[in-house]
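User: I'm new to this structure and would like a close look at the place where the ligand sits. Could you walk me through it, and then show me a few spots elsewhere in the chain?

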Amino acid sequence: MLLTITTDHQPATDLGYLLHKHPERLQSFDLAFGKAHVFYPEADVQRCSACLLLDVDPVGMVRGKNRNQGDLLGHYVNDRSYVASSLLSVAIAQVLGTAMAGRCNQRPELASTPLPFEARLDVLPVRGGERFLHEIFEPLGYEVEAERYLLDPEFPQWGESVYYSVTIRATVTLSDLLTHLYVLIPVFDNEKHYFVGEDELEKLLAKGGAWLAAHPQKEQISRRYLRNRHSLYRQALSRLLEMESPESDEESPRPAAQEETLERTLSLNDQRHGAVLAALKASGARSVLDLGCGEGKLLRDLLNEKQFEQIVGMDVSFRSLEFAQKRLKLDRLPERQAQRLKLLHGSLIYRDRRLEGFDAAALVEVIEHLDSPRLAALERVVFEFAQPKTVVVTTPNQEYNVMWETLPAGQFRHNDHRFEWTQAEFQAWAQQVAGQHGYAVRFLPVGPEDETVGSPTQMGMFTRRL
Ligand code: SAH
């Protein structure tokens, strides 16, 4: 992979001072994952270009990894050697660190002067498409030019790849240019960061600081940079919000409100209940079942909506129902409110007449707790016997698990889960159940959606055919 930095500032050979690398020499550096070379394909007074070439050792990168785990072929056959990724960021920091820090002992004024620069990346994997590329660089004042590659030029019918050659141009300090590249290159890539560690957040804030706080895409940038490690992401955002200048407060909502909104968008559990609630409301239901209601969070939201005149929560766990009762303060609710809500102790694998005649039912993160024979029983209990007009089912999307670095590969999100399905598996199950029992089903994502792996939760909304 290649990063080329060019200037036509005169004399252009000043670039050599700024980068602390002599234009007439090829210099090579040993890095943990391979070698970096710096050289100048052109260096005269009118125009000067410096290249940082990374020669990644793919076998070296595999060393020390647990070979028994996961995708061994993927360790050897991948794009890491050829694309600009977090490895390039590491190389920028290690090989051009002084320039990135804005230090230039011989010509200090040069380092602090915005100069006309062009940076070209060959090649950058852009997950999120060309528009995302513009949305990320343009707010920082760059002009962006992108050239997309076909998957294989010999077979144009195979379509386009995610790989681009990207050129950005602006008049900036070299330190700003390198810092922007350092933080933003890994944002376009879907792979795990090379430098995964608790200090990532500090690096992001130290290098991103002021410009990131003012960037309209700061949420996306932090989320992708921190690869959905939610606790880090949340901390990063609240610190970035604090950094925002007071002037900007006037146009945007007050910071507390922003934070509340963020909090809401961040708790997956809340998002899930929000999505289910919205689906139930949209169905026009007046009577609803919350099957496997657990400790009653969704029940509380349902109670707050006047539309729902009759609400029933059911669970097999008596202890959870006791919690729900406390949470909802059932014994202290005014008579009319209390009449709207009932808690039932029961199991979804047995036919139960108390569940019949409802407009809608929700099964929020329940099906994955049942093994296959019990799930088959639940299907009949809900879709054949209780037969609500609408059934909303949510379950984890297994494909999304790779986004959580704390979750070891192949492990489920919860000890009690009997399975976690891919999107195709869930959809196949839902289509089959719908077809068998006279329902139509459509699918909706819940939570932050990733282009490749989808959203963390998958939701199916079943509607009974008349
Ligand atoms: N819907 C809640 C709880 C999800 S956890 C929420 O969104 O927070 C799964 C719940 O399903 C647990 O409360 C568990 O007790 C319940 N459950 C598991 N098997 C069940 C069964 N056979 N019948 C009824 N509830 C069951």
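Analyst: Here's a walk through the ligand site, followed by a helix and two strand residues. Before we start, keep in mind that this is a predicted model.

Let's begin with the ligand itself. You'll find the ligand in the second largest pocket. There are 14 residues around it, and those that come nearest are His273, Gly292, Asp315, Leu348 and Val364. If you sort the residues of that shell by character, you get 5 nonpolar, 7 polar and 2 charged.

Now zoom in on some atom pairs. His273, one of the nearest residues, has a polar side-chain atom 3.1 Å from an oxygen atom of the ligand. On the nitrogen side of things, Ser347 has an N or O atom in its side chain that lies 3.2 Å from a nitrogen atom of the ligand. With Val316, it's the backbone that takes part: a polar backbone atom there is 3.4 Å from a nitrogen atom of the ligand. How much of the ligand does the protein cover? On its own the ligand has 570 Å² of accessible area, and the protein covers 79% of that.

Next, head over to helix α4, which spans residues 86-95. Of its 10 residues, 8 are buried, so the helix is largely enclosed by the rest of the structure. The buried ones are Ser86, Leu87, Leu88, Ser89, Val90, Ala91, Ile92 and Val95. As a bit of background, residues three or four places apart in an α-helix point the same way, because there are 3.6 residues a turn.

Then there's Asp122, which you can pick out in strand β5, residues 115-125. Is this residue buried or exposed? Asp122 has 17% relative accessibility, and since buried means under 20%, it counts as buried. Its side chain has polar partners, too. One is the side chain of Arg120, with a polar contact of 2.9 Å, and another is the side chain of Ser165, with a polar contact of 2.5 Å.

Last stop: Ile5, in strand β1, which runs over residues 2-7. Ile5 counts as buried as well, because its relative accessibility is 2%. Try finding Ala119 from there: along the sequence Ile5 and Ala119 are 114 residues apart, but in space their C-alpha atoms are 4.5 Å apart.

Technical notes. Residues are numbered from 1 along each chain as its sequence is written. This is a predicted model: local features need pLDDT of at least 70, side-chain atom pairs count only at pLDDT 80 or more; totals for chains, interfaces and linings use all residues. Side-chain values use heavy atoms; hydrogens and water are left out. A residue is near a molecule or strand if one of its heavy atoms lies within 4 Å of it. A polar contact is a pair of N or O atoms within 3.5 Å; within protein, one must be able to donate a hydrogen and the other to accept it, and residues adjacent in sequence count only if both atoms are side-chain atoms. Accessible areas come from the Shrake-Rupley method with a 1.4 Å probe; for residues, only the protein chains shown count as cover. On a 1 Å grid over the protein atoms alone, a cavity is a set of points where a 1.4 Å probe fits but cannot get out, and a pocket is an open set with protein on both sides within 12 Å along at least five of seven lines; lining residues have an atom within 4 Å of a point. A molecule sits in a cavity or pocket if more than half of its atoms lie within 2 Å of its grid points. Ala, Val, Leu, Ile, Met, Phe, Trp, Tyr, Cys and Pro count as nonpolar, Asp, Glu, Lys and Arg as charged, and the others, Gly among them, as polar. Buried means under 20% relative accessible area, exposed over 50%, partly exposed in between (1.4 Å probe, protein chains only). Helices (H or I, at least four residues) and strands (E, at least two) are DSSP runs, numbered from the N terminus.
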